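Let us walk through this protein from the inside out. Start with one aromatic side chain and work towards the whole fold.

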Amino acid sequence: MTAKHIHLAAHFPGVNNTTVWSDPEAGSHIEFSSFVKLAQTAERAKFDFFFLAEGLRLREQGGEIYDLDVVGRPDTFTVLSALAAVTDRLGLAGTINSTFNEPFEVARQFASLDHLSAGRAAWNVVTSWDAFTGENFRRGGFLPQDQRYSRAETFLRTAWELFDSWRGDELLADKESGRFLADGGDFAHHDDHFAISGRFPVPRSPQGRPVTIQAGDSEEGREFAAATADAIFTRHGTLEAGQAFYQDVKGRLAKYGRAPHELVILPAATFVLGDTDAEAHELAHEVRLQQVSEQTAIKFLEQLWNTDLSDHDPNGPLPSFDPTVGDLISKGRASVRMHRDPVATAHEWRQLAEAKHLSSRELIIEVTGRQNFIGSAETVASTMNELVQADASDGFILVPHVTPGGLDRFADEVVPRLQERGVFREDYSGPTLRDHLGLS
């Protein structure tokens with residue numbers, strides 16, 4: 001059996017607490033040079049694409065901005081358009097919200113980016129779940145949860161209608177006859193969410209449509225991905241969880257007339273490299289201590305307990321009382337949605353802390369995000385390859401913990417070992433992101 005080729009993408013960190021902004025090697029998360037550095041490193045290593053997440057509002061806890069995240073959320077299209085000028089083959093993927101935007105505007109921006117980049121654009125389609133974000137758009141509480149994916153799918157298919165309103169042969173530019181344009185670009189769409197018509201102003205772009213990425217693990221999210229997405233961004237990066245997710249989502253494709261290779265599954269993955277496995281594990285422990293400071297541990301506890309724990313000792317045991325159920329003191333954090341039964345979760349945390357003799361801070365380190373790949377370059381390359389060949393994923397979206405140079409060592413040491421195994425490209429085979437991902 002021929003070995004599967006591994007897909008790799010680079011995530012620009014900054015909207016999650018994996019970033020160690022206090023590290024001596026860390027730089028700006030908003031200066032253009034940081035974006036250029038990470039993107040050009042990814043292109044040098046022949047990655048499929050650069051991935052830029054987007055936050056539409058700075059998160060708060062107890063009414064105050066806190067520094068679990070980096071303060072600095074520049075506009076996605078502005079950054080990706082600028083990167084199109086300083087990269088040649090690397091895909092450029094951006095998160096754009098379907099809840100607080102309009103199809104015409106987003107389609108025009110992505111069609112423009114696809115032209116500017118010569119066919120390298122990708123759209124990570126997300127919904128927004130909280131009224132807190134909606135307040136920035138005068139839409140606090142806009143759409144109940146059960147309608148958000150309905151709007152997202154309609155939004156995406158409406159955008160596709162706009163992209164497809166141009167066949168690609170309408171631009172004549174016949175200087176002798178003086179005829180520049182054949183008819184094209186007409187659209188009309190009317191449903192419960194949108195009532196729009198007119199002529200789409202951007203001719204068909206190199207990819208026709210940008211690559212569509214979806215991020216979501218709910219039942220609605222998995223079905224949405226199976227019906228519409230070219231790639232799915234997931235958190236299931238371990239062998240058993242990855243295989244279960246892989247089989248579930250790929251198993252949904254047939255009813256939409258799609259083949260398994262038409263959806264690329266890419267878990268988010270962090271990594272820590274060392275000269276030896278032992279050194280890497282020591283470094284990984286230091287990184288986790290940086291990521292979960294005493295202050296950060298308290299903030300995570302407050303998200304579950306939903307009460308002010310500023311006087312709690314992070315190096316002592318977990319709070320003895322149960323979480324408060326009601327209005328959240330943490331605004332805008334998707335992680336609080338995972339605590340669907342806060343009292344039950346607190347009980348599980350106490351059992352784990354007692355069994356392993358963990359302090360509050362140690363417990364938070366244990367239950368929050370961990371490094372997926374820890375070891376020497378040889379160990380990491382081998383582990384990645386094993387997961388992909390075992391159908392736990394099709395590749396990984398790598399999230400370095402230091403910006404902008406956190407990808408350098410991976411590019412220099414892990415990628416060559418994957419290439420030696422014959423499971424990662426030596427060079428790009430085509431000009432577009434669809435070529436990189438093996439999509440039609």
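This is a predicted model. Begin at Phe410. Beyond its neighbours within four places in sequence, Phe410 is in contact with Leu8, Phe47, Phe271, Leu273, Val380, Met384, Leu398 and Val415. Those partners include Leu8 and Val415, so contact here, meaning heavy atoms within 4.5 Å, links Phe410 to several separate parts of the sequence. 

Now widen the view to the largest nonpolar core. It holds 65 residues. Which of them touch the most other members? They are Phe47, Phe50, Leu398 and Phe410. Two of these, Phe47 and Leu398, also appear among the contacts of Phe410. Helix H5, residues 145-164, gives this core its largest share, eight residues.

Next comes an open space. The second largest pocket encloses about 400 Å³. Its lining is made of 15 residues. Closest to the centre are Leu273, Leu283, Val287, His401 and Val402. Leu273 is already familiar as a contact of Phe410. Which elements build the wall with at least two residues each? Strand E14 (271-273) and helix H8 (277-291) both do. Helix H8 gives the most, with four residues. The chemistry of the lining is mixed: seven residues are nonpolar, four are polar and four are charged.

Turn to Asp248. This residue lies in helix H7, which spans residues 239-250. Is Asp248 buried, exposed or partly exposed? Its relative accessibility is 26%, so Asp248 counts as partly exposed. The limits that matter are under 20% for buried and over 50% for exposed. Ala226 sits 22 residues away from Asp248 along the chain. In space, their C-alpha atoms are separated by 9.7 Å.

Finally, step back to the whole chain. The protein chain has 14 helices and 17 strands. Its radius of gyration is 23 Å, close to the 22 Å that the globule rule gives for 440 residues, so the chain is as compact as a globular protein of that length. Along the principal axes, the C-alpha atoms fill a box of roughly 80 × 50 × 45 Å. Of the 440 residues, 54% count as buried. How do the contacts spread along the sequence? Take those between residues at least 6 apart in sequence: 74% of them join residues at least 24 apart.

Key: Residues numbered from 1 in each chain as written. Predicted model: local features only at pLDDT ≥ 70, side-chain atom pairs only at ≥ 80, totals over all residues. Heavy atoms only, no water. Core = buried A, V, L, I, M, F, W, Y, C linked by side-chain atoms within 4.5 Å. Buried < 20%, exposed > 50% of the residue type's maximum accessible area, 1.4 Å probe, protein only. 1 Å grid on protein atoms, 1.4 Å probe; cavity = no way out; pocket = protein on both sides within 12 Å on 5 of 7 lines; lining within 4 Å. Points joined across faces, edges and corners; volume = space filled by probe spheres on them. Nonpolar A, V, L, I, M, F, W, Y, C, P; charged D, E, K, R; others polar. Rg over C-alpha atoms; globule rule 2.2 N^0.38 Å.
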